[in-house]
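Work through the exercises below with the sequence and the structure at hand. Each task is followed by a solution that proceeds step by step.

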Amino acid sequence: MQSGTPVKRVVWASALGTTVEYYDFTLYATTAALVFNKVFFPAEIPLVGTLAAFATFFVGYLARPLGGLIFGHFGDRLGRKNILITTMLMMGTGTFAIGLIPSYESIGIAAPLLLVLIRLIQGLGMGGEYGGGVLMALEYSPKRRQGFFTSLVHIGTPAGVLLPVALVTALDAFLPAGAYESWAWRLPFLASIALVAVGFYIRLRISESPEFVKMRAEREVRKLPVKELFADYTGKVLLSIVAKVAESGLFNVYYVVAIAYVTTELGLPRGPVLMAVLIACLAECLTLPLFGALSDRIGRRKVYVGGAVFQLLLAVPFFLLVQTGSLPLMTLAMVLGLAVGHGSMYGAQAALFANLYPVQVRYTGLSVTQQVGATLGGGLAPLAGTALLAAGGGHWTWLVVYMIAIAALSSLAASRLGSGELNHEALGGVPAAKEAIQ
C-alpha cells in the first residue's frame, strides 16, 4: 500500500507512544509498591498503605475505557494521527506532574487528591493511545507481516518497564540510604519529559493511516462508530475483552505484585527482584517480534491461546522460584513469565484483535477491547493480588488460584475468536484483504 511515510518510522512513532504509556504505569506501580504507601498514604500497617497506593493505580485504569470510547470515536471519524499527538501529551505531562506533587506530610489530603486527579487525566489519554498506535502500524504494514510489525509496537511495553525499573534500581544502588524514599523517587517522573519530546517530534512527521485516508475518500466514515460496533460486533467485543484479561493481569502480577511480595512479605531487599524484572523485560524486547512473526506463520489465535495455557501451568512454579530470594531463580521466573508467557500472548494480540473489526469502527473496537480488558486485568491485578496475599497471611496460595483462573478464562475466550487473519469484511471491502495470514 502506498503512503507518504516509511512503515519503519510509523512503527517507531507508535512504539514510542507505548513506551511512554508503560513507562508511566510501571513507574507508578513500582513506586507505589516501594514509596507511595509512605509518601501519600501513611498507615500503621505497611500492607494497608500499599493497598491504598494500588487503589490509585486502579483509578488510572478506570478512566481508560472512557478514554478509549472518546478517542476511539474521534480516531474513527477524524483520523489516527492527531489523536495520537493529543494522547501522548496527556500521558507524558501527567507523569511529569506527579514528580512535582508535595507529600502528604506537606499538604495533607490534597496530596493524594492531586494524585488521583492526575491519574484520571492520564487514564483518559492512555485509553486512546494504544488503539491509534497499533492501527497506524497495522494499516501501514504489508498484509502478511502485520503480526510482526504490530509486535514491534508492543516492544514499547517491556521497554516502558525496563527504563523506569533501571532508573529506580540505579538510584537505589548509588544514592545514600533513605534518599530514594525522601526525594529521589521524583527524578524518574521528571525525566519522562524527554521521552515525550522525542515521541511528539516523530509523530508530527508521519502521515495519516493510508486505510483511513482511503475510507474518508470513499465517504465511508461512520457518524457514530460505537453504535455500529455494538450493533454488529458485540460478541467479538466481549470475547476479546475476556481474552485480554489474563495478558494484562498476569503481566502486572509478575512485576508489580511480585515486587511487593518480595519486599513486604519476605522482607528481602528490592535490588535483586528489580534486577530480575530488568533482565526479563530486556528478554521480552527480543521475544515479542519472534512471537509476532510466528503468529504470521501459524495463526494469531494459536500463539495467543498457547501463551495463556503456558502461564496457567507456570503459576505455581513462578512463586516457588520467586520465594527463594535467589537472583538466578527469580530471574528465571520473571523470564518465563514475561518473556515467554506474556510475550507470546502480547506478540500475537494486536493483529488478532484489530482484525476483528472493519476499518470504519476499528479504532473504537480495538480501544474498547484493550481498555476494558486492561482495566479488569491489569488494573485489578495489583489490588486483587495484594488483597489475596493479605487474605492468605502473606502466602501466595490464593494469588495462584486467581492467576490460574484468569489464564483459563482468557484461553477459553480467545479460542472462540477468529483466527486473526485478514478477510474481506475486516478491511472494509478491499479485495486484496482475502490474503490469509497463517
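**Exercise 1. Decide whether threonine 369 is buried or exposed, and find its surroundings.**

Threonine 369 has a relative accessibility of 0% and therefore counts as buried, where buried means under 20% relative accessible area, exposed over 50% and partly exposed in between, with a 1.4 Å probe and protein chains only. The next step is to place threonine 369 in the chain: it belongs to helix α16, residues 362–391, helices being DSSP runs of H or I with at least four residues, and strands runs of E with at least two, numbered from the N terminus. Finally, with neighbours within four places in sequence left aside, threonine 369 is in contact with Val237, Ser240, Ile241, Lys244, Phe353 and Tyr357, contact meaning heavy atoms within 4.5 Å.

Before going on, note that this is a predicted model, in which local features need pLDDT of at least 70 and side-chain atom pairs count only at pLDDT 80 or more, while totals for chains, interfaces and linings use all residues. Residues are numbered from 1 along each chain as its sequence is written, and side-chain values use heavy atoms, with hydrogens and water left out.

**Exercise 2. Describe the protein chain as a whole.**

Begin with the elements: the protein chain has 17 helices and zero strands. Then consider its extent, for the C-alpha atoms fill a box of roughly 65 × 45 × 35 Å along the principal axes. The radius of gyration, taken over C-alpha atoms, is compared with a globule rule of 2.2 Å times the number of residues to the power 0.38; for 438 residues a compact globule would have a value near 22 Å, and the 21 Å of the protein chain agrees with this. As a last step, look at burial and contacts: 60% of the 438 residues count as buried, and among contacts between residues at least 6 apart in sequence, 85% join residues at least 24 apart.

**Exercise 3. Work out how α14 packs against helix α13 and against helix α17.**

Two packed helices are described by the angle between their axes and the distance between the axes. The axes are lines fitted to C-alpha atoms over the stretch in contact, and angles run from 0 to 180 degrees between N-to-C directions.

Helix α13 (residues 270–298) and helix α14 (residues 300–322) pack at about 130°, with axes 7 Å apart. This makes α13 oblique to α14, since angles under 35 degrees count as roughly parallel, over 145 as roughly antiparallel, 65 to 115 as roughly perpendicular and the rest as oblique. On the α13 side the contact is made by Phe291, Leu294, Ser295, Asp296 and Ile298, and on the α14 side by Arg300, Lys302 and Val303.

Turning to helix α17 (residues 397–415), its axis and that of α14 come within 9 Å and cross at roughly 170°, which means that α14 is roughly antiparallel to α17.

**Exercise 4. Which residues of helix α6 are buried?**

The buried residues of α6 are Gln146, Gly147, Phe149, Thr150, Ser151, Val153 and His154. Because seven of the nine residues of helix α6 (residues 146–154) are buried, this helix is largely enclosed by the rest of the structure.

**Exercise 5. Locate serine 103 and list what touches it.**

Serine 103 sits in the loop between α3 and α4 (104–107), and its relative accessible area of 17% makes it buried. Apart from neighbours within four places in sequence, serine 103 is in contact with Val39, Phe40, Gly108, Ala111 and Arg186.
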